[in-house]
Amino acid sequence: RSSAPLQGGFIWDFVDQAVYGTNSEGQLIFQYGGDAGRYPASDQNFNCNGLLAPDRRYNPHAYEVRQQYQNIWATPVDVRKGLIDIYNENFFTDLSAYNLHWTVSLNGGQYADGLENLPSIPAQTTKSMKIPALVKALAKVPADGEIMLGVEFVLKNDAPLLKAGYAVARNQFEVRPYEFPDSISLYRSAGEGECSVDEALAWVAVGAAGVSYTFNRRSGWIDYIDVDGRQFTQNGYSLKSDFWRAPTDNDFGANLQRRMGAWKSPAYRVTAFVIERNDDGSVSINVNYDMANVSSTLKMSYRVKPDGSVVVRQKLDATAARTDIFRVGMTMVMAPEFNRIEYYGKGPHENYSDRNSSEWIGLYKESVEEQYFPYIRPQETGNKTDIRYWRVLDADGQGLEFFGSTPLSMSSLNYLTEDLDDGQEKHNRHAGDLSPRDFTVVHIDKVQYGLACQHSWGATTLDEYKLHPGVYEYDFVIKAIR
């Protein structure tokens, strides 16, 4: 049949269907199917799949829907000349109720902005617009650094439910790209002198410029990072590879928690642990692993440089693997006082490879506590994409910075992955059941498997956002911030 009578697409559901309740410890929760009665009929939290929480807070995916549902779209034509195209997607309404607010950012921070009157743009038409003030602003921007242009269409006057200045549509464009350091430059030695090496039967400590990295000879992982005699890492946890996430509701709907289950706790067998002193004063630790239960091999390379930073390279050869992978990354745990983050990337709301068009590249300062979104049933949360750098800091601004030769995908939470993971079957767990850990878990990923969001009873993400068997390699730097 012809699709002509149809208009638009519609999301089921608008709001999560759950009610306030308390758990056995008296903590406030949202109750859902299976929480009431001795023999409850239940489809668990299936009805908690809305855009809004029961108390009408936005769920993170609501921001993405808002972006896709907007009816005004800007497209760059020649930004340096102040030229953009504006498409009015409305069927009946012109744009006379709105102004255009533009923002130029330099290296993530606002550099200039302005408010412009829109030309007459009838419904279902596109018009070009020239912004002379934008041309002048861009002419004054320094020669180096990333430039982004943000465009928002804001209400001139109060409207029902909305105040003047509210942005009904927004877009961000790249004017001058961010220059990531190339992989070679990451390894170029910085600082003077040589790294020290202290060896024992169980460990090897490599240090420089007041920073020490202690490697476990048996596991190959970094167990401790100390800066000026202060331990930044949490006892009992290592910087180690991570290929698993706490399955989302969509993951459960597609049975991915079982299909990819081998990646949850892969067996690492160390086949080589080699220490090398380099001519530039740096020290390299190279560790090879066999991961038989996932038919893969892993090569880890660490280069500690005289300035105290370390370059980490992970190469996973999963060509022979039998399943897709949830994430390609590494995880570490930092001491509890490192409870703040500063990052340059997409934010401020959590975002993933297939759900990030609503977020803008910028500089953000947040607490680690704010990174956890209390989904009614605990699951993966808090990720940010297109990261240029990510800093995990204490109240005095000391901590660690992470950056790579390509954009990273990162998060920092007060929860371990296992805290958010139901296992192979869903259980009637709730956000209010969890107690934050007294430390900060840091995920440093190359990429994470997409979230899908088409529907939650079998659909997986588009192929471009899947992590199929293959070779995955990336590098990143850990640098002390004093």
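**Cysteines**

I began by looking for disulfides in this predicted model, and a search of the whole structure turned up zero of them. I then looked up Cys453, which takes part in no disulfide; the nearest cysteine sulfur belongs to Cys48 and lies 16 Å away. Because a disulfide needs two cysteine sulfur atoms within 2.5 Å, I could see why Cys453 and Cys48 are not counted as one at 16 Å.

I also noted how far two of the cysteines are covered. Cys195 has a relative accessibility of 4% and therefore counts as buried, while Cys453, with a relative accessible area of 43%, is partly exposed.

**The sheet**

Next I traced an open sheet formed by four strands, which I followed in the order E6-E5-E8-E9, and I wrote down that their pairing is antiparallel. Strand E6, residues 109–117, and strand E9, residues 167–176, are the edge strands, each of them pairing on one side only. Going from one strand to the next, I recorded a twist that averages 20°.

**The helix on the sheet**

I then turned to helix H2, residues 132–139, which packs on the sheet and touches strand E5 (98–106) as well as E6, E8 and E9. Setting the direction of H2 against that of E5, I noted an angle of about 5°.

**Strands E8 and E9**

Last, I followed the pairing of strand E8, residues 147–155, with E9: the two run antiparallel and are joined by eight bridges. Which residue of E9 is the bridge partner of Leu149? I found that Leu149 has Phe173 as its partner there.

Key. Residues are numbered from 1 along each chain as its sequence is written. This is a predicted model: local features need pLDDT of at least 70, side-chain atom pairs count only at pLDDT 80 or more; totals for chains, interfaces and linings use all residues. Side-chain values use heavy atoms; hydrogens and water are left out. Two strands pair if DSSP finds at least two bridges between them. Axes are lines fitted to C-alpha atoms, for helices over the stretch in contact, and angles run from 0 to 180 degrees between N-to-C directions. Contact means heavy atoms within 4.5 Å. Buried means under 20% relative accessible area, exposed over 50%, partly exposed in between (1.4 Å probe, protein chains only).
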